Amino acid sequence: MSGTTAAPLARQTQMNTRIDAALKEAGDAVLARLGYSPSAAVRGLWQYMVDHQEDAASVRKVIEPGAASALSDEAARKASAIAGLRSLYAQTTYELGVSGYHSVDLPSWDDLREDWYDERLESEA
C-alpha cells in the first residue's frame, strides 16, 4: 500500500448455530439477491439488538415476529399485578386525602424509568 495505513481489525469470534436446512437455503437466496452474506446478516442482527436494547418489543418482533405481540403467561400475570397495585395506590391516596396524586396523575412507566436512570447516573457521578 502506498502511504495508507489500514485500521486494525476488531477482535472477532466465530458462532455456530443450528437452523432448519430449508430456512437456511431460502434465507441464503434472499441474502445473495440483496448482496449480503449470512455473516453480514448476523452482524446486522446483533448490531440491531445492541442499538435497540432498551426496546425489548422491537427486538422480539425481529427475532420472533409471531410471538412479539402476545404476552407470555408470566408477563400477563406481572402486568395484571402492576395494574392492581396502581389502582390500589390511587385508591389509598384518595382515601388518605393526599392531594395531587389521583389516578390520572400517576407517573408513566417511562417517567419512572427515566427518573431511575437519572438517580442512578447522579449516584455514580
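The mean pLDDT of this predicted model is 80. Of the residues in the chain, 81% reach 70 or more. Confidence is highest in helix 1 (residues 21-34), at a mean of 94. Confidence is lowest in helix 5 (residues 109-124), where the mean is 79. Where pLDDT is low, predicted coordinates should not be read in detail.

The chain holds five helices and zero strands. Its pattern along the sequence is therefore written α-α-α-α-α, since a run of helix is marked α. Buried residues account for 5% of the 125 residues. The chain exposes about 11,100 Å². Carbon and sulfur atoms supply 56% of that area.

Helix 1 carries a salt bridge. A search of the whole structure finds one such pair. It joins the side chains of Asp 28 and Lys 24, with 2.5 Å from N to O. Side chains of opposite charge can pair when their charged atoms come close. Both residues lie in helix 1, four residues apart, which is about one turn of the helix. An α-helix has 3.6 residues a turn, so residues three or four places apart point the same way. Asp 28 has a relative accessible area of 25%, so this residue is partly exposed. Lys 24 is also partly exposed, because its relative accessibility is 38%.

Helix 2 (residues 38-51) contains Trp 46. The relative accessible area of Trp 46 is 43%, so the residue counts as partly exposed. Trp 46 belongs to a nonpolar patch on the surface, together with Met 15 and Val 42. The three residues have about 290 Å² of accessible area together. Membership in a patch requires over 30% relative accessible area. Trp 46, at 43%, therefore passes this cut-off.

Helix 3 covers residues 56-63 and includes Ser 58. Is Ser 58 buried or exposed? Ser 58 is buried, because its relative accessible area is 14% and the cut-off for buried is under 20%. The side chain of Ser 58 also makes a polar contact with the side chain of Tyr 48. The distance of this contact is 2.4 Å.

Helix 4 spans residues 73-96, a run of 24 residues. How far apart should its ends be, at 1.5 Å a residue? The expected span is 34 Å, and the end C-alpha atoms are 34 Å apart, so the two values agree. Gly 97 follows helix 4. The phi of Gly 97 is positive, near 75°.

Notes: Residues numbered from 1 in each chain as written. Heavy atoms only, no water. Patch = residues over 30% accessible without salt bridge, like charges linked within 9 Å, V, L, I, M, F, W, Y side chains within 5 Å. Areas by Shrake-Rupley, 256 points an atom, 1.4 Å probe, with all protein chains shown as cover. Salt bridge = Lys/Arg side-chain N within 4 Å of Asp/Glu carboxyl O. Helix = DSSP H or I, 4+ residues; strand = E, 2+ residues; numbered from the N terminus. Buried < 20%, exposed > 50% of the residue type's maximum accessible area, 1.4 Å probe, protein only. pLDDT = per-residue confidence, 0-100. Expected span 1.5 Å × (residues − 1). Polar contact = N/O pair within 3.5 Å; in protein donor to acceptor, adjacent residues only side chain to side chain.
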